[in-house]
Amino acid sequence: GRRSGADRCRRRACVHRRLLLGEWTAARKDGAGDGRLRAGARVVRAGRVAGGLLPGRLGLDDVRAHALNNIGTSRIHLGDTGGFIDLETSIEISEELGSPESLRGYNNLFSNHVAIGNLPKAAAAVRAGIPVAERFGNTGNTARWLRFERVHVAYWEGRWDEALALIEETLSEVGFEHGLSRFALEMRGRIRIARDDVAGAL
């Protein structure tokens, strides 16, 4: 009956979610070039299949949001800027659900706007995402990365003292072994070199 049909659809959605995750992992591991482009295309195809299996009445919008997040980024990597619509839709669904998936969406929106050189929109993504991170208690790596992107925004906008303060905040929070420390130190070095503090930058 209706329930068994819904259960079948949920099982199929779980299978396609695993497929999507596998393709996304492959795309990230496969270096630049044709291999990565092929993997990205597979992510888009798998995500579209998963997205088509996730009607809202089944309560699987969280899976749809996750799929759209991956689809959007993959489309942009393939040169299709229509992927930004997928990212924005993913964020919209996630925020309606109160899901932290929205934080990953804001991070991807930021990084992909940076990749095509649209720094104002990248900055807007960070500013929109920070209150969401605060609602989730600023916990977890996704929120931490989003908060760190404020450093880049402050740097671009010439607010270097603010950028340095955010860098020190990050380093005091994560230490020098965390993946963020590399970027924090790089940004601090750039600012110090721009201020003729070569010794401090080194």
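**Exercise 1. Isoleucine 76 and its surroundings**

Task: Find which residues isoleucine 76 touches once its neighbours within four places in sequence are left aside, and state where isoleucine 76 sits.

Solution.
Step 1. With those neighbours left aside, the contacts of isoleucine 76 are Gly83, Phe84, Leu87 and Asn112. The model used here and in every exercise below is predicted.
Step 2. Isoleucine 76 belongs to helix H3.
Step 3. The relative accessible area of isoleucine 76 is 9%. Buried means under 20%, so isoleucine 76 is buried.
Step 4. Take aspartate 86 as a second point for a distance check. Between isoleucine 76 and aspartate 86 there are 9.9 Å from C-alpha to C-alpha, at a separation of 10 residues in sequence.

**Exercise 2. Helices H3 and H4**

Task: Compare the span of helix H3 and of helix H4 with the expected span at 1.5 Å a residue, then describe how each helix is enclosed or covered.

Solution.
Step 1. Helix H3 covers residues 61-77, which makes 17 residues. From its first C-alpha to its last, H3 reaches 24 Å, close to the expected 24 Å.
Step 2. Of the 17 residues of H3, 13 are buried, so H3 is largely enclosed by the rest of the structure.
Step 3. After H3 comes glycine 79, with a positive phi near 90°.
Step 4. Helix H4, residues 83-97, has 15 residues and should span 21 Å at 1.5 Å a residue. The end C-alpha atoms of H4 are 21 Å apart, which agrees.
Step 5. The buried residues of H4 are Gly83, Phe84, Asp86, Leu87, Ser90, Ile91, Ile93 and Ser94. Among what covers them are H3 and H5.
Step 6. After H4 comes glycine 98, whose phi is positive, near 70°.

**Exercise 3. The cavity**

Task: Find how many cavities of 30 Å³ or more the whole structure has, and describe the lining of the largest cavity.

Solution.
Step 1. The search of the whole structure gives 1 cavity of 30 Å³ or more. The volume of the largest cavity is about 50 Å³.
Step 2. Its lining consists of Arg144, Arg147, Phe148, Arg150, Glu169, Thr170, Glu173 and Leu180.
Step 3. Two elements give two or more residues each to this lining: helix H7 (141-156) and helix H8 (160-174). H7 provides the largest share, 4 residues.
Step 4. Sorted by type, the lining has 5 charged, 1 polar and 2 nonpolar residues.
Step 5. A network of salt bridges links Arg144, Arg147, Arg150, Glu169 and Glu173. These residues also appear in the lining of the largest cavity.

**Exercise 4. Salt bridges**

Task: State how many salt bridges the structure holds, then work through the pairs formed by glutamate 101, glutamate 157 and glutamate 186.

Solution.
Step 1. The total for the structure is 14 salt bridges.
Step 2. Glutamate 101 pairs with arginine 104, and their closest N and O atoms are 2.7 Å apart. Both residues lie in helix H5 (residues 101-115), at a separation of 3 residues, or about one turn of the helix. Glutamate 101 has 14% relative accessibility, so glutamate 101 counts as buried.
Step 3. Glutamate 157 pairs with arginine 159, with 2.5 Å between the closest N and O atoms. Partly exposed lies between the 20% and 50% limits. At 40%, glutamate 157 is therefore partly exposed, and arginine 159, at 28%, is partly exposed as well.
Step 4. Glutamate 186 pairs with arginine 182 at 4.0 Å, N to O. Both are in helix H9 (residues 179-194), 4 residues apart, about one turn of the helix. Glutamate 186 is partly exposed at 31%, whereas arginine 182 is exposed at 54%.

**Exercise 5. The whole chain**

Task: State how many helices and strands the chain has, what share of its residues is buried, and what share of its contacts comes from residues 24 or more positions apart.

Solution.
Step 1. The count is 10 helices and 0 strands. Read from the N terminus, the order of elements is α-α-α-α-α-α-α-α-α-α.
Step 2. The chain has 202 residues, and 42% of them count as buried.
Step 3. Take the contacts in the chain with a separation of 6 or more: 57% of them are between residues 24 or more positions apart.

Note on methods. Residues are numbered from 1 along each chain as its sequence is written. This is a predicted model: local features need pLDDT of at least 70, side-chain atom pairs count only at pLDDT 80 or more; totals for chains, interfaces and linings use all residues. Side-chain values use heavy atoms; hydrogens and water are left out. The expected span of a helix is 1.5 Å times one less than its number of residues. Buried means under 20% relative accessible area, exposed over 50%, partly exposed in between (1.4 Å probe, protein chains only). Contact means heavy atoms within 4.5 Å. On a 1 Å grid over the protein atoms alone, a cavity is a set of points where a 1.4 Å probe fits but cannot get out, and a pocket is an open set with protein on both sides within 12 Å along at least five of seven lines; lining residues have an atom within 4 Å of a point. Grid points are joined across faces, edges and corners, and a volume is the space filled by probe spheres set on the points. Ala, Val, Leu, Ile, Met, Phe, Trp, Tyr, Cys and Pro count as nonpolar, Asp, Glu, Lys and Arg as charged, and the others, Gly among them, as polar. A salt bridge is a side-chain nitrogen of Lys or Arg within 4 Å of a carboxyl oxygen of Asp or Glu.
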